[in-house]
Amino acid sequence: MAESHEVQRRDFVNIILVALGSVISLIIGIPAIAYLLSPAIKVHQEEAWIPLGPLDSYPLDEPKLFSYTRTTVNGWEKTVSSFGAYVWRFGTGESDVRVYSNMCTHLSCRVTWKEDSNIYFCPCHDGQFNTEGDVVAGPPPKPLYEYEVKVEEGVLTIKHMEV
Ligand code: FES
């Protein structure tokens, strides 16, 4: 009879120890698992406003390239990408400005502004775009991407979108 009580007490102690171990494991394990998984389930921002400096610093009637980088985080992978935006001021007013991506809409080569012929030229397949970003020659299927712009306190800002 005494041996039976001994066994029951030992079983009870074992059950309590297992329960305590499980609770401690959960207390430590859940935050650790959440920490490890959080990058994979985190929603990252695809758009952002990028300041390009004072609007007055850009020349009139001559598209000027502004380069910037963006860092994107996808799970545990961090990627730094570079982008180019051509700022074209066609007047002195704050709304007299257009900003185009320098990425060709054919196969994403980088276009350059050719002052002598007033075109954006893509060296990959001789694509050409006019000052307004419209296709004038070559295989590009659509105009250059035009950024949404705003000017606040004289500073030109563009809305970056993955294009
Ligand atoms: S990538 Fe620009 S014309 Fe083909």
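1. Two strands are taken to pair if DSSP finds at least two bridges between them. By that rule β3 and β4 pair in the antiparallel sense, over 5 bridges. One of the partnerships sets Ala 85 against Ser 101 in β4. Helices and strands here are DSSP runs, numbered from the N terminus: H or I over at least four residues for a helix, E over at least two for a strand.

2. On provenance: this is a predicted model, in which local features need pLDDT of at least 70 and side-chain atom pairs count only at pLDDT 80 or more, while totals for chains, interfaces and linings use all residues. Residues are numbered from 1 along each chain as its sequence is written.

3. Overall composition. The protein chain has 1 helix and 10 strands. Along the sequence the pattern reads α-β-β-β-β-β-β-β-β-β-β. The radius of gyration is 30 Å, well over the 15 Å that the globule rule gives for 163 residues, so the protein chain is more spread out than a compact globule. That radius is taken over C-alpha atoms, and the rule is 2.2 Å times the number of residues to the power 0.38. Along the principal axes, the C-alpha atoms fill a box of roughly 105 × 40 × 20 Å.

4. Domains. The assignment gives domain 1 (1-41) and domain 2 (48-160). These bounds come from an automatic or database domain assignment. Taken over C-alpha atoms, the centres of domain 1 and domain 2 are separated by 60 Å.

5. Burial and contacts. Of the 163 residues of the protein chain, 15% count as buried. The cut-offs: buried means 20 or more other C-beta atoms within 10 Å of the residue's own, exposed means 12 or fewer, and partly exposed lies in between, with C-beta atoms placed from the backbone. Contacts are pairs whose C-beta atoms, placed from the backbone, lie within 7 Å. Among contacts with a separation of 6 or more, 44% join residues 24 or more positions apart.

6. The β2-β3-β4 sheet. These 3 strands form an open sheet in that order, with antiparallel pairing. β2 (64-74) and β4 are the edges, each with a single partner strand, so one side of each has no neighbour in the sheet. Neighbouring strands are turned by 30° against each other on average, direction ignored. For such angles, axes are lines fitted to C-alpha atoms, for helices over the stretch in contact, and angles run from 0 to 180 degrees between N-to-C directions.

7. Val 97. This residue lies in strand β4 (residues 97-101). With 19 C-beta neighbours inside 10 Å, Val 97 counts as partly exposed. Beyond four places in sequence, Val 97 is in contact with Leu 55, Val 87, Trp 88, Arg 89, Val 149 and Leu 156. Tyr 58 is 39 residues away along the chain, with a C-alpha separation from Val 97 of 9.7 Å.

8. The core. A nonpolar core is a set of buried Ala, Val, Leu, Ile, Met, Phe, Trp, Tyr and Cys residues joined through C-beta atoms within 7 Å. The largest has 17 residues; Ala 85, Tyr 86, Val 87, Val 99, Tyr 100, Val 111 and Ile 158 have the most contacts inside it. Two or more residues each come from β3 (77-89), β4, β6 (119-122) and β10 (155-160). β3 gives the largest share, 4 residues. Tyr 100 touches Ala 85, Tyr 86, Gly 133, Leu 144, Tyr 145 and Glu 146, leaving out residues up to four places away in sequence.

9. The second sheet. Here 4 strands form an open antiparallel sheet in the order β5-β6-β7-β8. Its edge strands, β5 (112-114) and β8 (135-137), each pair on one side only. The average turn between neighbouring strands is 40°, direction ignored.

10. Hairpins around β6. β5 and β6 run antiparallel, joined by 3 bridges. Trp 113 has Tyr 120 in β6 as its bridge partner. This hairpin has 4 residues between its strands, and Asn 118 in the turn has a positive phi of about 55°. β6 is also joined to strand β7 (residues 127-129) by 3 bridges, again antiparallel. Tyr 120 partners Phe 129 in β7, and Phe 121 stands opposite Gln 128. The β6-β7 hairpin has 4 residues between its strands; Asp 126 in the turn has a positive phi of about 60°.

11. Which residues of β6 point to the buried face? Tyr 120 and Cys 122 do, whereas Ile 119 and Phe 121 point to the other face and are not buried. In a regular strand the side chains alternate between the two faces of the sheet.

Conventions
Two residues are in contact if their C-beta atoms, placed from the backbone, lie within 7 Å.
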